[in-house]
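Please open the model in a viewer and keep the sequence panel visible beside it. The tour proceeds by selection, with a short account of what each selection shows.

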Amino acid sequence: MEAYPYAVASLQAYVGDGDLYTAPIPMLEQLEALPIDEDASDKGFGYALFNQFAPGTSELENRQPIARVLAFRGTDFDGFSDIFYGSLRNDQINLAVETFAAEAARFDDSVPWVVTGHSLGGALATEVSVANPQVRAFMFNTSPFYGGDAMSNDVRRTVFNERGELLRRFAKFKSAPAAEVYTINCRPGASAIKKHSMRLLADCLTWIAAYADKDALQMVETQGVVRPRVECKRDNPGHPGIGHREITPCVHQSRPDKEISPDEADD
């Protein structure tokens, strides 16, 4: 449940994409970030900045942030700049570390910082956490291409990867940075490319959190979040609500007949 706000922030860092969540997002408030210069933008670098608030406080006036979240945008597969400057060279790594320092210097308060990101954005968040041991980091389907000390600050990094997603095929050739790593299986039967999607991973983690978190349940109900394919199918397609417990176990068909589509097989 702790991780889902950072999954949401990582998704929202893909500014301009068509599958982002729409406002309002109860636990996050997007802030105006420092302008990205043309050179950095040409290298594919991007990020978003948020205040994070305590669960259940969206209707309170003058609520104070419990964390400040810097979310790095991941790879844009429509162009080569991210792959070249983010994976093959260190340009985006240097930009990420410099950007975090510049953003942190803007705020004269004691609000703790969290860095996060999906794919390449996860690798950039890793690099920032290595350079700043006080910073908490959450990464999602993170890229294995990074250059920092893999063992530094390991107790303050958490990784969520969808089982079988695209980048895990490359990760086996490189030692992963030390972190608390969770592998989840929200999309059995989907392609490795589809499993890499940040929207699908954010939907899944938000759906799980909605069993205990009011803000997550609000997100499910207002943002078109659907039941993860791995969860039991019910007569009512909506989320069963906070505190729900399954009484009767369901059985998934692990090897569906050929005429059954992957989507149907997981129901």
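The stops below go from the whole chain to the sheet, then to helices, a disulfide and a loop residue.

**Whole chain**

Begin with the entire protein chain, bearing in mind that this is a predicted model. In cartoon representation, the chain shows ten helices and seven strands. Colouring by accessibility brings out the buried residues, which make up 50% of the 267 residues. A surface representation corresponds to an exposed area of about 13,600 Å², of which carbon and sulfur atoms supply 52%. If contacts with a separation of 6 or more are drawn, 58% of them join residues 24 or more positions apart.

**The sheet**

Next, select the strands. They form an open sheet of seven strands with mixed pairing, in the order S1-S2-S3-S4-S5-S6-S7. Which strands stand at the edges? They are S1 (28-31) and S7 (180-184); each has a single partner strand, so one side of each lacks a neighbour in the sheet. Looking across the sheet, one finds a twist that averages 20 degrees from one strand to the next.

**Strand S2 and its neighbours**

Restrict the selection to S1, S2 and S3. Strands S1 and S2 run antiparallel and are joined by four bridges; one pair to label is Gln 30 with its bridge partner in S2, Phe 50. S2 and S3 are likewise antiparallel, with six bridges between them. Here Tyr 47 stands opposite Phe 72 in S3.

Now show the side chains of S2 (47-52). Are its residues mostly covered or mostly uncovered? S2 is mostly covered, since six of its six residues are buried. In a regular strand, side chains alternate between the two faces of the sheet. On one side of S2 lie Tyr 47, Leu 49 and Asn 51, and on the other Ala 48, Phe 50 and Gln 52; the residues on both faces are buried.

**Strands S4 and S5, with helix H1**

Move along the sheet to S4 (residues 113-118) and S5 (residues 136-140), a parallel pair joined by five bridges. A pair to label here is Val 115 and its bridge partner in S5, Ala 137.

Add helix H1 (residues 4-12) to the view. H1 lies across S1, S2, S3, S4 and S5, and runs at about 60 degrees to S4.

**Helix H4**

Select residues 91-105, which constitute helix H4. At 1.5 Å a residue, its 15 residues should span 21 Å, and the distance between its end C-alpha atoms, 21 Å, agrees. The buried positions to highlight in H4 are Asp 91, Gln 92, Ile 93, Leu 95, Ala 96, Thr 99, Phe 100 and Glu 103.

**Helix H8**

Then select residues 198-209, helix H8. The same check of length can be made: twelve residues at 1.5 Å each should span 16 Å, and the end C-alpha atoms are 16 Å apart, in agreement. H8 is largely enclosed by the rest of the structure, because ten of its twelve residues are buried. Among them are Leu 201, Leu 205 and Trp 207, together with Arg 199 and Asp 203. To see what surrounds these buried residues, display H1, S4, S5, S6, S7 and helix H9 (214-222), against which they pack.

Pick Ile 208, also in H8. Ile 208 is partly exposed, at a relative accessible area of 44%. A C-alpha to C-alpha distance from Ile 208 to Tyr 4 gives 8.7 Å, although 204 residues separate them in sequence.

**The disulfide**

How many disulfides does the structure hold? There is one. Select Cys 186 and Cys 204, whose sulfur atoms are 1.7 Å apart. The link is left-handed, with -65 degrees about the S-S bond. Cys 186 lies in the loop between S7 and helix H7 (192-195), and Cys 204 in H8, so the pair ties together parts 18 residues apart in sequence. Both Cys 186 and Cys 204 are buried.

**Ser 143**

Finish at Ser 143, in the loop between S5 and S6 (157-162). Is Ser 143 buried or exposed? Ser 143 is buried: its relative accessible area is 6%, and the cut-off for burial is under 20%. Leaving aside residues up to four places away in sequence, Ser 143 touches Ser 119, Leu 120, Ala 123 and Leu 167.

Definitions and conventions
Residues numbered from 1 in each chain as written. Predicted model: local features only at pLDDT ≥ 70, side-chain atom pairs only at ≥ 80, totals over all residues. Heavy atoms only, no water. Helix = DSSP H or I, 4+ residues; strand = E, 2+ residues; numbered from the N terminus. Expected span 1.5 Å × (residues − 1). Buried < 20%, exposed > 50% of the residue type's maximum accessible area, 1.4 Å probe, protein only. Contact = heavy atoms within 4.5 Å. Areas by Shrake-Rupley, 256 points an atom, 1.4 Å probe, with all protein chains shown as cover. Pairing = 2+ DSSP bridges. Axes fitted to C-alpha atoms, helices over the stretch in contact; angles between N-to-C directions. Disulfide = S-S within 2.5 Å.
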